[in-house]
Amino acid sequence: MSEVAGRRHQISLPQWATLPVVVGGFIVMAWIIIGLTVPLWAPYDPTMLAGRRFVPPGAEHWLGTDALGRDVFTRTLYGVRHSLPIAAAVIASAVVIGCTLGAIAGFVGGIVDEAIMRLVDVTLSFPAILLAMAVTAALGPGLANAAIAMIIVWWPIYARLMRAQVLAVREREHVEAAIASGATPSRVLFKHILPLCWSPIIVNATMDFGQVILLAASLSFIGLGAVPPTPEWGQMISDGALHFYRWWIAAGPGIAILTIVLGFNFLGDGLRDYLDPRSP
Amino acid sequence: MLSYIARRLIAMPFLLLGVITVAFLLTHFTTADPLTSIIGERQMNNPAVVAAARERWGLDRSLPEQYVVYLKNLLSGDFGTSFRTRQPVAQDLLVRLPATLELVIAAMIIGTLFGIALGVIAARFQNRAPDNLARLVALFGSSIPVFWLGLVVLFIFSVQLGWLPGPGRIDSRMPAPPFVTGFYTIDTLLDGNWAAFRSVLAQMILPACVLGWTVTGIVSRMVRASMLDVLSQEYILAARAKGAGELRILLHHALRNAMLPTLTILGFSFAYLITGAILTETIFAWPGIGSYAVAAARGLDHPAIIGVTIVGGMAFLISNLVTDITYALVDPRVKIGARAAQ
């Protein structure tokens, strides 16, 4: 059993490098590189107000300028410097919190399991965006509070996943053998169970990256996330909606969100086919 | 299976209580004084109003006692007063509910019809070009920010091409139909006003398509999976051997059985549609609960946003419950243990 599982984790290039993974990986890498290097080569300053207002797309401003004369193309590129770190922070926190609680619930069982899983059930009873809106509104608008709200919304998904994985792996024979040979509970959990639990977590985290970027943009669009003049995509689209007939203001950030989320979805979809071939 | 359904039904009141508890905690962890979230800042200088609100919501008592008072008020339908509209939140929600339901139902019809068609085609041409195309559509569906898609289609179909009207539920030059059900499609018909009915339908096309698009992809993936399951069974082979036409096999033999598990997509897509409605309504100036929620969140209108959250949570819970139970009833083979463990 463990042999099969071990082989599944060996990475050999031809097998995982399917078209979706390569395309998705390329898009995501491109955005990461843009995010890291954009201050070095961007044509304009993202918050500079100097230019003419509402200039349509042209040679000078590829995606035109917005209501304050800022270059939309530059602001779109800078946007990734807000979206990606926030998504990474939210996913990392949600994975750490969710997996810790899920592993405890699955491994310890009993009343601890009940308490944690009921908390999970209640949190998942809300539509994600509504709960995120309510929490952000309660904490006060801002990107940091929006991030906290999204962690609150997202950790239960990982807790549920991790618990199911731990429960399934716990029944395997190699775990029984480890217990029989006198391994301590913590050794059983960390050495024999957890290493086999990660693949669905990784797939979900990759897919959720895109969803977190979408939700963060939605919250900013509503006016609960980033505050002006931050070049954040949702905030920029909200600006674009105000000046509806100047279509180019919302075009850049919209395409940016679409491509980066699509990239993560491709990546997650491809990884799932590889790591977890039996799922639909 | 009966015990599964019973277990779910027993858990229901506790989950509802959990939803309300979360809402209660949210009102208490707001950075604002919970009192201002009940009566609004302007009234804060009026000692009589403040004292009355303190009394009514038990704010001068301990937290557990406040919780009991809060529950009592909720049970009598009192969600507090919105300080934007100055109306009871419950009444605000009731007035806006038909608009949201009308949009969500239209979107559900569009989304599931396209989703089923796409899923059937994808399964028929498994791993070939149409299947990949369907997969691409599904991925796009979950990748496009719905508020941006709304702007784009409005700009193209309303501004550039002029084929469809702009935002709103009815032509702005027409009066709203006399209130009977709150569904404009039904109310205009009851009124016998054909021009208004046509306007209402035309107004609905864009938002319903945008909202429906958000579920098309998911529905198509589910239909594809269950079609593939069915198509590999022997009775399909038997039908082929008898010389049944391809279309007949797909629609008559396969889709019928594939639809059983897919029935649950109605409940399932409802959950997605609630989420999508919040942003779609905002873009299309649709006077429903979604745009109300956004306006409340923007205006930090705490009682309103908490009210929407409770109602949304309840709707979500009930639709999930109905989905799971129909799933268990329709497909007795469903591994309940495995599903519950997920």
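## Predicted two-chain model: annotated spans, cores, interface and salt bridges

The UniProt annotation "transmembrane region", taken from an unreviewed entry, covers residues 103-125, 137-159, 200-219, 258-284 and 304-330 of chain B. The structure discussed here is a predicted model.

**Chain B: overall features**

Chain B contains 15 helices and 0 strands. Of its 342 residues, 48% are buried. Among contacts in chain B with a separation of 6 or more, 69% join residues 24 or more positions apart. The exposed surface of chain B amounts to about 16600 Å², and carbon and sulfur atoms supply 66% of that area.

**Annotated spans in both chains**

For chain A, the UniProt annotation "transmembrane region" (unreviewed entry) covers residues 21-42, 86-112, 119-137, 143-162, 209-227 and 247-268. UniProt also places the feature "domain: ABC transmembrane type-1" (unreviewed entry) at residues 80-268 of chain A. Over residues 80-268, chain A is 83% helix and 0% strand, with the end C-alpha atoms 19 Å apart. Values for some of the individual spans are set out below.

| Span | Helix | Strand | Distance between end C-alpha atoms |
|---|---|---|---|
| Chain B, residues 137-159 | 83% | 0% | 25 Å |
| Chain B, residues 200-219 | 100% | 0% | 27 Å |
| Chain A, residues 143-162 | 100% | 0% | 28 Å |
| Chain A, residues 247-268 | 95% | 0% | 32 Å |

**Nonpolar cores**

The largest nonpolar core comprises 135 residues, of which A:Trp31, A:Met133, A:Tyr158, A:Trp233 and A:Ile260 touch the most other members. Apart from this core lies another, of 30 residues, which includes B:Ala106, B:Val120, B:Val215 and B:Ala258.

Leaving aside residues up to four places away in sequence, A:Met133 touches A:Leu219, A:Ile222 and A:Leu224 in chain A, together with B:Ile278, B:Ala293, B:Val294, B:Ala297 and B:Ile305 in chain B.

**A buried loop residue in chain B**

B:Leu164 is located in the loop between helix H7 (146-160) and helix H8 (184-191) of chain B. Its relative accessibility is 19%, so B:Leu164 counts as buried, the cut-off being under 20%. Apart from residues up to four places away in sequence, the residues that B:Leu164 touches are B:Phe157, B:Ser158, B:Ala202, B:Ile205 and B:Leu206. B:Leu206 is 42 residues from B:Leu164 along the chain, while the C-alpha atoms of the two are separated by 7.7 Å.

**The interface between the chains**

At the interface, 45 residues of chain A are in contact with 44 residues of chain B. The two chains bury about 4000 Å² between them, and 79% of this area is on carbon and sulfur atoms. On the chain A side, A:Phe126, A:Leu130 and A:Phe244 supply 15% of the area buried against chain B, more than any other three residues.

The interface of chain A and chain B also holds 1 salt bridge. This pairing is formed by A:Asp269 and B:Arg135, whose closest N and O atoms are 2.7 Å apart.

**Salt bridges within the chains**

Side chains of opposite charge can pair when their charged atoms come close. Over all chains, the whole structure has 13 salt bridges.

In chain A, A:Arg118 forms a salt bridge with A:Asp121, with 3.0 Å between the closest N and O atoms. Both residues lie in helix H5 (residues 110-123) of chain A, 3 residues apart, about one turn of the helix. A:Arg118 is partly exposed, with a relative accessible area of 39%, whereas A:Asp121 counts as buried at 17% relative accessibility. The pair belongs to a network of salt bridges that links A:Glu114, A:Arg118, A:Asp121 and A:Arg160.

In chain B, the side chains of B:Asp92 and B:Arg96 meet in a salt bridge with an N to O distance of 3.8 Å. B:Asp92 and B:Arg96 are 4 residues apart in helix H5 (residues 89-124) of chain B, about one turn of the helix. B:Asp92 is buried, its relative accessible area being 5%, while B:Arg96 is partly exposed at 23%.

Another salt bridge of chain B joins B:Asp171 and B:Arg173, with the closest N and O atoms 3.0 Å apart. Here B:Asp171 counts as buried at 18% relative accessibility, and B:Arg173 counts as exposed at 72%.

Methods
Residues numbered from 1 in each chain as written. Chains lettered and ligands numbered in written order. Predicted model: local features only at pLDDT ≥ 70, side-chain atom pairs only at ≥ 80, totals over all residues. Heavy atoms only, no water. Helix = DSSP H or I, 4+ residues; strand = E, 2+ residues; numbered from the N terminus. Buried < 20%, exposed > 50% of the residue type's maximum accessible area, 1.4 Å probe, protein only. Contact = heavy atoms within 4.5 Å. Areas by Shrake-Rupley, 256 points an atom, 1.4 Å probe, with all protein chains shown as cover. UniProt positions renumbered as here; feature names shortened; annotations may be inferred. Core = buried A, V, L, I, M, F, W, Y, C linked by side-chain atoms within 4.5 Å. Buried area = accessible area lost by both parts, 1.4 Å probe. Salt bridge = Lys/Arg side-chain N within 4 Å of Asp/Glu carboxyl O.
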